[in-house]
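Good morning, and thank you for joining. I would like to take the group through the side-chain packing in one structure.

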Amino acid sequence: MSDTKHKIIIAVDGFSSCGKSTFAKAIAARLGYIFIDTGAMYRAVTLYALEHGAIRSGIVDEEEVVRLLDQISITFRFNPERGASDIYVNGDLAEGKIRTIEVSNCVSRVSAIPEVRRKLVAMQQEMGRRKGVVMDGRDIGTVVFPDAELKLFMTADPAVRAQRRYKELVEKGDPVTLEEIERNVRERDKADMSRAVSPLRQADDAVVLDNSHMSVEEQMAWFMELYRQRING
């Protein structure tokens, strides 16, 4: 649990497959905070678009995606078996479905649609209104919560990130290759940094964490030292 006198907002931004969600979940559990996976929210919209014909053969029909937005309700429910929150789309569990390579290949294009970002940013800001929140994504410290009390920016070597993602998907039984995953990682980096709306960038007051060669335990020790300095400073 938190040993603070007041709760804060912790923003965790960075590149894809850096372990942002895993790290943010661990931080939330350590502090007794709520974890919100914003990347999962964009994946949920992408999944819905795929299932409702707004994406065909990898081509995103932006107008159709926007039309579908009002039909999408996204909620998080704590799953005690996982010790984390699962994402639901219109009341249906979508946690496993949103992690496929098909969704990964389209999510950057869907998340670049201005109307999609506006809708989800508004939802995220409402979720964080009471503070005591750890939120991870691409633009949390720059757009969603520019006044967050603590901002992290996570990065790692693309080859290391691809290897991590490959291992995760293979363990789930997905038929993917390491080359395909690394190409996806590099393409997502380029798309995230070059999009017109809310591009991925490090906030001026964010603290960088390069976890290429760090264990989760080493990352947590690093974070707790930073956290104590920030709240006691």
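**Aromatic pairs and nonpolar cores**

Tyrosine 227 is buried, with a relative accessible area of 0%. I should say at the outset that this is a predicted model. Phenylalanine 223 is likewise buried, at a relative accessible area of 0%. Both residues belong to helix α9, residues 216-232, and because they are four residues apart they are separated by about one helical turn.

How, then, are the rings of phenylalanine 223 and tyrosine 227 arranged? Their centres are 5.6 Å apart and their planes lie at 25°, under the 30 degrees required, so the pair counts as stacked. Ring pairs also bring in Phe23, giving a cluster of Phe23, Phe223 and Tyr227.

The count of aromatic pairs comes to three. One of them, between phenylalanine 15 and phenylalanine 153, is edge-to-face, with 5.9 Å centre to centre and 80° between the planes. This pair links distant parts of the chain, 138 residues apart: phenylalanine 15 is in the loop between β1 and α1, and phenylalanine 153 is in strand β9. Both phenylalanine 15 and phenylalanine 153 are buried.

A charge also meets a ring: the charged end of arginine 77 sits over tyrosine 88, 3.8 Å from the ring centre.

Turning to the cores, the largest nonpolar core has 38 residues, and Val45, Val65, Ile74, Ile87 and Val116 touch the most other members. Helix α2 gives the most to this core, namely nine residues. A second, separate core holds 27 residues, including Ile8, Phe23, Ala203 and Leu226.

Finally, beyond its neighbours within four places in sequence, valine 65 is in contact with residues including Val45, Ala49, Val110 and Val116.

Note on methods:
Residues numbered from 1 in each chain as written. Predicted model: local features only at pLDDT ≥ 70, side-chain atom pairs only at ≥ 80, totals over all residues. Heavy atoms only, no water. Core = buried A, V, L, I, M, F, W, Y, C linked by side-chain atoms within 4.5 Å. Buried < 20%, exposed > 50% of the residue type's maximum accessible area, 1.4 Å probe, protein only. Helix = DSSP H or I, 4+ residues; strand = E, 2+ residues; numbered from the N terminus. Contact = heavy atoms within 4.5 Å. Phe/Tyr/Trp six-rings, centres within 6.5 Å; stacked < 30°, edge-to-face > 60°. Lys NZ or Arg CZ within 6 Å of the ring centre and 35° of its normal.
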